[in-house]
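Student: Could you show me how to read burial, contacts and helix packing from a set of coordinates? I would like the general idea and then a case.

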Amino acid sequence: MLSVGLVGVTGHLVEVEADLSAGLPAVVMSGLPDTALNEARDRVRAAVVNSGERWPNRRITVNLLPATLPKYGSAFDMGIAAALLGAAGELPLAALDGVVILGELGLDGSVRPVRGVLPMVVAALRAGINRAVVPLANAAEAAVVPGVTVKAVETLHRLVAYVRTGGALLDPPSDHPPPEPPMLDLADIAGQAMGRRAIEVAAAGGHHVALFGPPGAGKTMLAERLPSLLPALDDDAALEVSALHSVAGLLPEGGRLVRRPPFQAPHHSATLAALVGGGSGLARPGAVSLAHRGVLFLDEAPEFAARALEALRQPLESGRVLLSRTGGTTEYPARVQLVVAANPCPCAKPQGDAHCECTPLARRRYLGRLSGPLLDRIDVQIELMPVTAADLFVTSGGGEPSADVAERVAKARAAASARWSAERWRVNAEVPGPRLRQPPWRLPPRDTQPLRRRLDSGSLSARGFDRVLRLAWSIADLDGRDRPNVDDVDEALALRTGGGRRFDG
Ligand SMILES: [Zn+2]
């Protein structure tokens with residue numbers, strides 16, 4: 001029988017062999033089984049018996065190939081049951097030639113959904129297998145993969161009846177998935193000109209963002225609307241992101257690819273596993289992978305445990321998460337745009353509030369938790385003021401809608417990716433600073449004068465200098481200029497040191 005094993009989001013075709021021989025009745029499994037596979041032995045036996053089939057009382061050897069592939073999870077159950085019924089001579093298996101079989105068995109003979117069916121079916125197709133039998137609850141998900149004929153079963157009995165007497169398999173549900181709810185729109189945000197501009201520039205250049213400000217300044221509202229400014233996922237990206245959500249068991253019901261840049265906002269109390277992935281068996285991708293090609297939002301970022309923030313360092317650098325597992329390492333993609341939000345002060349009162357009794361040291365220490373791993377990589381850092389009543393009334397007609405901003409962002413991204421096409425960068429945030437200080441990208445001294453002054457006076461670090469340059473290019477891209485002018489550099493400097501205060505170099 002053919003099945004599929006997942007390592008990360010990559011599926012590998014697995015052959016399930018069964019052999020019956022003389023000897024004491026027993027089931028021996030080989031081929032690097034993990035704990036779940038050993039449990040499979042008990043599930044398969046109960047399911048076979050409770051489906052009205054005869055359990056072969058002989059020595060049964062089940063082997064999963066290739067032996068070197070670590071195998072996690074319970075998706076092999078149905079293949080194992082079919083293989084051993086075939087070996088026992090109970091079932092002619094020719095009808096399942098060239099068909100990949102996926103599904104966990106319940107003790108009663110029911111077929112249960114498994115995580116990761118989408119990338120499993122994709123892997124089968126790449127290996128030349130274009131027919132799949134999957135759990136009914138996974139059928140819609142499997143059917144979104146173009147070029148595969150998907151059939152479903154809800155019981156082992158249905159599969160047996162199909163093989164033995166040509167009984168019917170089920171079709172994937174054909175009802176259309178419900179329409180997606182509208183995305184949160186920038187038009188909802190009153191005032192906050194600087195905050196709006198900051199996330200527009202961030203969207204254009206793929207820059208990470210830090211939003212500082214008291215509660216009520218709209219940090220969360222802005223962060224939640226960043227995905228609405230990003231380009232929709234193309235086919236490859238949609239498949240990749242959907243595969244991650246499938247492995248997490250979080251794909252929206254009804255069979256639909258994830259087409260929007262995802263948004264993940266883990267709480268600061270989230271476990272390390274919830275943040276970067278983990279768990280027993282087939283590892284669950286964490287928030288940083290579920291946000292792949294989208295936005296990871298850390299609200300009240302200084303409240304996250306130090307080791308949680310530290311664990312994000314590697315994915316932010318490499319765009320992937322490595323999880324150590326028994327039998328090897330699992331890798332999940334994790335290329336995210338990071339937005340962190342923080343109160344400027346541990347008491348969460350506005351700056352200058354008479355009731356704030358925090359010492360300057362306490363404040364520095366609070367934000368200091370973000371330095372190092374995170375703030376170092378964040379280009380846009382601004383401080384937001386609370387929205388005033390005047391803002392609310394003046395702009396009661398609403399701000400510019402996301403769709404209009406997204407159009408500018410798309411043009412800016414196209415300009416940037418054309419400029420860097422000879423290199424390996426797609427967005428300005430990926431361009432190393434030194435590159436922007438060398439010809440042909442070096443700006444004339446008169447345009448970088450405000451920056452040089454701050455560098456000389458020590459109020460801007462060399463790293464900060466490079467970040468401002470990157471932002472200036474994104475601003476020029478948004479405004480349709482082929483290189484930044486002095487105004488773009490000025491605005492970039494404001495997005496870097498917004499509110500006049502610096503949070504790091
Ligand atoms: Zn305070």
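Tutor: Happy to! Let's begin with burial, where a residue under 20% relative accessible area counts as buried. Leu338 has a relative accessibility of 0%, so Leu338 is buried. Keep in mind as we go that this is a predicted model.

Student: Which strand holds Leu338, and which residues does Leu338 contact beyond its neighbours within four places in sequence?

Tutor: Leu338 belongs to strand β17, which covers residues 337–342. Once neighbours within four places are set aside, Leu338 contacts His208, Val209, Leu296, Leu298, Leu316, Leu374 and Ile378. You can also check a C-alpha distance: Leu338 and Val427 are 89 residues apart along the chain, and their C-alpha atoms are separated by 14 Å.

Student: Let's try Ser289. Is Ser289 buried or exposed?

Tutor: Apply the cut-off of 20% again. The relative accessible area of Ser289 is 1%, so Ser289 is buried. Ser289 sits in helix α10, residues 287–290.

Student: What does the side chain of Ser289 reach?

Tutor: For a polar contact, look for a pair of N or O atoms within 3.5 Å. Here the Ser289 side chain reaches the backbone oxygen of Pro333 at 2.9 Å. Pro333 also appears in the list of residues that Ser289 touches, along with Leu244, Val321, Tyr332 and Ala334, when residues up to four places away in sequence are not counted.

Student: Now helix packing. How is α2 oriented relative to α5?

Tutor: Start with the angle and the axis separation. Helix α2 (residues 77–87) packs against helix α5 (residues 156–165) at about 40°, and their axes are 11 Å apart. Therefore α2 is oblique to α5. Their crossing is right-handed. On the α2 side the contact uses Met78, Ala81, Ala82 and Leu85, and on the α5 side Leu156, Leu159 and Val160. By class, that contact has seven nonpolar residues, no polar and no charged ones.

Student: And what is the angle between α6 and α18?

Tutor: Helix α6 (residues 193–205) and helix α18 (residues 462–478) pack at about 95°, with axes 9 Å apart. Angles of 65 to 115 degrees count as roughly perpendicular, so α6 is roughly perpendicular to α18.

Student: Which residues meet there?

Tutor: From α6 come Arg197, Glu200, Val201, Ala204 and Gly205, and they meet Leu471, Ser474, Ile475 and Leu478 of α18. Sorted by class, the contact of α6 with α18 has five nonpolar, two polar and two charged residues.

Conventions
Residues numbered from 1 in each chain as written. Predicted model: local features only at pLDDT ≥ 70, side-chain atom pairs only at ≥ 80, totals over all residues. Heavy atoms only, no water. Helix = DSSP H or I, 4+ residues; strand = E, 2+ residues; numbered from the N terminus. Buried < 20%, exposed > 50% of the residue type's maximum accessible area, 1.4 Å probe, protein only. Polar contact = N/O pair within 3.5 Å; in protein donor to acceptor, adjacent residues only side chain to side chain. Contact = heavy atoms within 4.5 Å. Axes fitted to C-alpha atoms, helices over the stretch in contact; angles between N-to-C directions. Parallel < 35°, antiparallel > 145°, perpendicular 65-115°, else oblique. Left-handed = near helix turned anticlockwise from the far one by under 90°. Nonpolar A, V, L, I, M, F, W, Y, C, P; charged D, E, K, R; others polar.
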